[in-house]
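Colleague: Could you walk me through this model before I go back to the bench? Short answers, please.

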Amino acid sequence: MIRLKAFVLFGLLGSALLVAEGGKFTVDIDRDGKEEKLLWSSIGSDQLGEYFAIDLFDDDGTLLWRGSRQKRITNPDLYSALHTGVSLPQLFFDIDSDGHYDLLAPEHQSDVSPTLFRRLSWIDFEFQKRPSRALMGSGSEGSRFSWTKPRNAFGTWVSGFGKVDGDLVEADVTSYEGEGSFSCGVALLRFDYKGADVVRWVKPLSSPAQNSEERSSRYQTKLNNSILLNLNLSIRYTRAALNKLKRSRERVKVWVVVDEYREQSVERENIASSETVVDPNKNVYIHYVPYTRNGFKPKDDRRYPVSIMITSARDNYRDNILDCSPVNPRERWDIDALKDSTLEYDCRLIGY
Ligand SMILES: [Ca+2]
Ligand SMILES: [Ca+2]
């Protein structure tokens, strides 16, 4: 019997201070009828966000695995809630029926490009890293998902995991066709060795734009938990930059961070952020920016400055090759000034 005991609750507070809670899975990983516990808990934060380590305990409380405590996001068994995205465990389940439990967590990335899941498999008393993959819709009827390396930003994919009930797993599904047209749903999945079949749609895919009366409550929640931006970015590249991006099959990441000025202070506090990954030469439409704090309500008398960063997507902390700047810098970079507008950017290779 596999049970998800607790869901993680998180909210990101401030540019340096994040508040997130750990969580727990209770799973009989050695199938002896007694449940082991996998816990994740905070090990502290830095300017990027908060970090979480995992510990796995045997049914008698013996520590079976102590996860890395080094705050480096390249550590395969370190988890985090960063301003650029949240990567916390979502599913501890044998997703390919090979007898080994798999721990899945999304990589840090936006929810409008296919979600890559980090995967650790519990084999021979240790967690072994497997390559990250997305669970992409592969049947035209929306009846099947397969583990794959996504080739572009479009398609239908599993964007998160929810409850486990016996051999069925609830999954959030997102579908994106570009130009800001996306839809969301919830499916009940049955995993096999290559992917998963949809057993039933708990909430069929629906586009929030089609019929405002029939918005799924999930999307409504999304709107309630987001700042509407409606911002178009028209990005131009130098020939050298475009060639280099294409040669190295690199994509481009657009980060939007919304801050709030604190009262009687010049300090800024992060309230919303998003990441969008696109192919080079594609324009970007940012429909909304999700709040980083649950239940946040913007106030009429506050200013909400917006920062936009465009980088190459491979490793934003180390290997960015792009130097991008707005063609016509604006005096005001806040939500009110940028909403429903178009910004042009020029991108060149760093150092050229
Ligand atoms: Ca056991
Ligand atoms: Ca497995």
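Colleague: Which residue in strand 6 is the bridge partner of Leu38?
Modeller: Keep in mind that this is a predicted model. Strand 5 and strand 6 run antiparallel and are joined by nine bridges. A hairpin through two residues links them. In strand 6, the partner of Leu38 is Leu56.

Colleague: What is the bridge partner of Gly23 in strand 5?
Modeller: Strand 4 covers residues 23-27, and strand 5 covers residues 36-46. They run antiparallel, with five bridges between them. Within strand 5, Gly23 is paired with Trp40.

Colleague: Which strand gives the most to the largest nonpolar core?
Modeller: That core holds 39 residues. Phe92, Leu104, Leu135, Ala171 and Leu189 touch the most other members. The strand that gives the most, with five residues, spans 49-57: strand 6.

Colleague: How many residues are in the other core, the one with Leu231 and Tyr304?
Modeller: This core lies apart from the largest one. Ile271 and Leu338 are also among its members. Its count is 29 residues.

Colleague: Is Asp172 buried or exposed?
Modeller: Asp172 lies in strand 16, residues 168-176. It touches Val158, Ser159, Gly160, Gly162, Cys184 and Val186, leaving out residues up to four places away in sequence. The cut-off for burial is 20 or more other C-beta atoms within 10 Å. Asp172 has 20 of them within that distance, so it counts as buried.

Colleague: What separates the C-alpha atoms of Asp172 and Phe161?
Modeller: Along the chain, the two residues are eleven places apart. Phe161 is also one of the contacts of Ala171. Between the C-alpha atoms of Asp172 and Phe161, the separation is 6.1 Å.

Colleague: Which strands stand at the edges of the open sheet 22-19-25-24?
Modeller: Four strands form this sheet, with mixed pairing. Neighbouring strands are turned by 35° against each other on average, direction ignored. An edge strand has a single partner strand, so one of its sides is left without a neighbour in the sheet. That applies to strand 22 (284-290) and strand 24 (322-326).

Colleague: What is the bridge partner of Ser234 in strand 25?
Modeller: Strand 19 (residues 226-237) and strand 25 (residues 342-349) run parallel. Six bridges join them. The partner of Ser234 is Glu344.

Colleague: What angle does helix 2 make with strand 25?
Modeller: Helix 2, residues 239-247, packs on the sheet. It touches strand 19, strand 24 and strand 25. Its direction and that of strand 25 make an angle of about 75°.

Definitions and conventions. Residues are numbered from 1 along each chain as its sequence is written. Chains are lettered from A and ligands numbered from 1 in the order in which they are written. This is a predicted model: local features need pLDDT of at least 70, side-chain atom pairs count only at pLDDT 80 or more; totals for chains, interfaces and linings use all residues. A residue is buried if 20 or more other C-beta atoms lie within 10 Å of its own, exposed if 12 or fewer, and partly exposed in between; C-beta atoms are placed from the backbone. Two residues are in contact if their C-beta atoms, placed from the backbone, lie within 7 Å. A nonpolar core is a set of buried Ala, Val, Leu, Ile, Met, Phe, Trp, Tyr and Cys residues joined through C-beta atoms within 7 Å. Two strands pair if DSSP finds at least two bridges between them. Axes are lines fitted to C-alpha atoms, for helices over the stretch in contact, and angles run from 0 to 180 degrees between N-to-C directions.
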